Amino acid sequence: MNVRSPLHSLQGRLLIASVLILPIVLLIAGLALSNAYNYSVENAVKDRLQLQVYLLLGAVELKEDHIIFPERLQEPRYEQVNSGLYAAIHDKNGKLLWRSLSSILLDDPKLSEVISLGGITTGEPLFEHKPDAGIFSFQLRIIWENKGEEHSFLFTVMESDELVTRDITAYEQQLSIWLGIIFLVALLAQTFILSWGLTPLRRLARDLKAIESGEADKLGGHYPDEVQPVTENLNELIESERKQRERYRNTLGDLAHSLKTPLAVMRGAELEEHELHTYQTLVAEQVERMDQIVQYQLTRAVKSHHKPLGKSVNVTPIINRMLSALGKVYRNKAVLTDVDLADDLLFHGDERDLMEVLGNIMENAFKYGNSRVKVSGTHINGELKLSICDDGPGVTPDMRQVILQRGERLDTSIQGQGIGLSVATDIISCYQGAIEVKDSPLDGTCFVIRFPD
Amino acid sequence: MKLLVVEDDPDLRRQLVTALGSNNYTVEESADGEEALYMGEEYPYDLAIVDLGLPKVSGIDVIKGWRAAGKEFPIIILTARGDWQDKVEGLEAGADDYLVKPFHMEELTARLNALLRRAAGHSKPVLEFGPIKIDTTGRVVYRHDEAVKLTSYEYRTFEYLVLNAGKTISKSEITEHLYHQDFDRDSNVLEVFVRRLRQKLDPNQDLDPITTVRGLGYRFALSASKDSE
């Protein structure tokens with residue numbers, strides 16, 4: 001079985017994008033939340049320890065050059081060994097003056113490693129977290145004046161970070177669980193939204209399949225506003241395709257039908273007594289007739305028959321190309337051409353159709369004109385007007401309609417009459433345009449073509 | 001005049017070669033675009049007839065190739081579809097005229113005669129040089145309005161000299177343009193033709209229409225009557 005990559009589906013692409021991007025977003029959000037929580041927890045610890053330092057400061061007294069503690073401190077945890085709250089006071093030389101009962105089991109080296117004796121400026125508290133020692137510390141150096149003498153003391157309060165760390169770890173676990181849940185819910189929601197949102201496209205594919213298999217002949221029902229223009233265009237396309245198919249079928253039918261007459265004539269002639277010369281003439285006539293039929297029907301079947309959606313062709317370059325091509329073919333006549341075209345003349349249709357119309361009419365002008373051809377084009381009253389005039393013998397008024405007659409009855413038409421004009425007339429009428437023959441200002445014939453926008 | 005017919009359909013190609021051959025043209029043929037491209041670039045043709053729908057290399061590309069290689073001989077395109085887009089593209093590629101299939105052989109010869117004359121600088125089908133008149137359509141030569149009986153090769157030789165009137169044409173150029181590639185170039189057939197042409201066109205030896213330019217070739221020396229240009 002042919003396994004299609006998920007990248008081939010819109011839903012697959014959007015889901016892959018979400019699976020890749022959502023974890024990054026959630027990770028950043030998680031880090032931000034966890035940092036904010038850490039910060040607020042540490043701040044609370046700092047406030048607490050600062051309070052403890054102030055309480056200690058309030059509890060001690062200075063006598064001569066040493067300090068005196070009350071019997072019992074207000075905070076019971078100082079009296080309880082390994083309670084997690086410790087305090088110490090050092091003099092300015094770093095000599096330990098006092099430590100709380102709670103800290104007696106702490107290793108001395110550990111304590112001195114934690115306590116920064118130097119580098120603390122008087123009056124500026126230092127708060128630190130030492131994860132290696134598992135301790136928060138708050139230190140404050142103060143100077144007491146007693147009888148004109150200054151005494152410097154360093155107050156240190158420490159708290160084990162065990163509780164806080166446990167708290168933070170629990171918070172982070174919760175956070176991860178919830179972010180994970182958000183991730184899954186978001187993915188599920190997106191899958192559902194996408195699947196719901198893309199339903200019209202799936203329906204479109206199903207409906208197209210139905211058309212392909214012949215169960216339906218157009219896209220029915222209502223589609224969302226974003227898809228509706230597509231389905232309308234598709235319906236137009238399907239309709240024009242259907243008409244084209246029908247036209248091919250009709251053309252083939254017409255072709256077969258109209259070719260059978262000359263074939264019958266020739267088959268009949270096989271049985272008749274003919275001189276070689278009359279037989280040759282008969283064959284030549286019928287071949288000519290068949291050629292015209294084939295050419296006419298082919299041109300009719302191939303031309304586009306509908307306005308291509310929004311497509312337009314610049315007329316001026318096409319006229320110039322035709323003029324230079326015809327000028328080459330009719331070089332011996334040295335035809336003088338006079339071109340008078342407005343700027344930006346646009347033909348809203350197929351380039352091939354325009355070339356066919358212009359080619360047939362302009363070649364007539366070169367063929368029947370004596371020495372001058374004038375091509376002019378304007379855009380007025382919402383229509384493109386092109387006129388091609390020559391200085392030839394002209395067309396009598398009663399012949400004017402005849403030469404423009406559309407080629408339906410071509411298989412009975414007069415020998416030797418070209419089919420160019422009927423093809424042109426046919427194409428013009430497909431565009432709801434008009435063609436007429438007028439007197440030429442150059443004393444010949446003028447063909448005036450109008451195409452509505 | 002040497003023509004190249006490029007057409008892939010064997011029946012139509014055979015008909016073209018036969019019909020043009022019987023019209024006193026030397027005709028060479030090719031069935032595909034690749035070969036045609038080579039032949040047109042290598043051999044001196046006076047005109048080519050090219051079908052647009054060819055195998056290997058399209059007719060349009062063959063014409064473009066020749067023109068890009070500086071070949072200036074006239075080209076007539078044959079098109080089966082007959083729509084103007086095809087015709088205009090062919091003419092823009094470098095062709096000089098077009099015919100839509102099926103066509104009458106008479107129409108083809110008329111068109112190619114016109115192109116050959118045009119290439120030689122004449123616009124009318126009948127060229128007059130004093131008492132001598134040459135009808136390039138009917139392929140007849142008149143002397144004092146009396147038709148002169150010429151063989152096919154004599155006519156070809158004379159027409160080539162007339163269409164290049166005033167220029168000295170080397171013997172090898174004439175043989176290249178009038179005969180097939182396998183013609184024996186060392187033979188003195190050309191001298192025989194020229195001698196016979198002189199006898200037929202100038203029996204009294206007072207006109208001297210073809211002069212021999214020693215060591216170089218021949219020249220048609222009469223000048224055209226005014227209304228024949």
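Me: Helices (H or I, at least four residues) and strands (E, at least two) are DSSP runs, numbered from the N terminus. With that settled, in which loop is the place of Ala334(A)?

Reply: Happy to start there, and note that this is a predicted model. Ala334(A) has a phi near 45°, which is positive although the residue is not glycine. Its place in chain A is the loop between α7 and β9.

Me: Does Ala334(A) count as buried or exposed?

Reply: A residue with 12 or fewer other C-beta atoms within 10 Å of its own is exposed. Ala334(A) has 9 C-beta neighbours inside 10 Å, so it counts as exposed.

Me: Which loop of chain A holds Gln432(A)?

Reply: Gln432(A) is not a glycine, yet its phi is positive, at about 55°. With 11 C-beta neighbours inside 10 Å, Gln432(A) counts as exposed. Its loop in chain A is the one between α10 (420-430) and β13.

Me: Which strands of chain A stand at the edges of the open sheet?

Reply: The sheet has five strands in the order β9-β11-β12-β14-β13 (chain A), with mixed pairing. A strand with a single partner has one side left without a neighbour in the sheet, so the edges are β9 (336-341) and β13 (434-439) of chain A.

Me: By how many degrees are neighbouring strands of this sheet turned against each other on average?

Reply: This is the open sheet of five strands in chain A. Ignoring direction, the average turn between neighbouring strands is 15°.

Me: Which residue in β11(A) stands opposite Asp338(A)?

Reply: Strand β11 (residues 372-380) of chain A is joined to β9(A) by six bridges, and the two run parallel. Opposite Asp338(A), in β11(A), stands Lys374(A).

Me: At about what angle does α8(A) run to β12(A)?

Reply: Helix α8(A) lies across three strands of chain A, namely β11, β12 (383-390) and β14 (445-452). To β12(A), the helix runs at about 20°.

Me: Which element gives the most to the side of chain A that touches chain B?

Reply: The contact is made by 15 residues of chain A and 14 residues of chain B. On the chain A side, two or more residues each come from α6 (276-302), α7 (315-329) and α8 (351-368). That side divides into five nonpolar, four polar and six charged residues. With five residues, the element that gives the most is α7(A).

Me: Is α8(A) roughly parallel or roughly perpendicular to α4(B)?

Reply: The axis of α8(A) and that of helix α4 (residues 84-93) of chain B come within 8 Å, crossing at roughly 80°. Angles from 65 to 115 degrees count as roughly perpendicular. So α8(A) and α4(B) are roughly perpendicular.

Me: Which residues in α4(B) does α8(A) meet?

Reply: The residues of this contact divide into three nonpolar, two polar and three charged. From α8(A) come Arg352(A), Met355(A), Glu356(A) and Gly359(A); their counterparts in α4(B) are Trp84(B), Gln85(B), Lys87(B) and Val88(B).

Me: How many of the twelve residues of α6(B) are buried?

Reply: Helix α6 (residues 152-163) of chain B has end C-alpha atoms 16 Å apart, which agrees with the span its twelve residues should have at 1.5 Å a residue. Among its buried residues are Glu154(B), Arg156(B) and Phe158(B). The helix is largely enclosed by the rest of the structure, because the buried number among the twelve is nine.

Me: What is omega of the peptide bond from Lys101(B) to Pro102(B)?

Reply: Pro102(B) is found in the chain B loop between β5 (97-100) and α5 (105-120). The bond from Lys101(B) to Pro102(B) is cis, with omega near -10°.

Terms used. Residues numbered from 1 in each chain as written. Chains lettered and ligands numbered in written order. Predicted model: local features only at pLDDT ≥ 70, side-chain atom pairs only at ≥ 80, totals over all residues. Contact = placed C-beta atoms within 7 Å. Nonpolar A, V, L, I, M, F, W, Y, C, P; charged D, E, K, R; others polar. Pairing = 2+ DSSP bridges. Axes fitted to C-alpha atoms, helices over the stretch in contact; angles between N-to-C directions. Parallel < 35°, antiparallel > 145°, perpendicular 65-115°, else oblique. Expected span 1.5 Å × (residues − 1). Buried ≥ 20, exposed ≤ 12 C-beta atoms within 10 Å, placed from the backbone.
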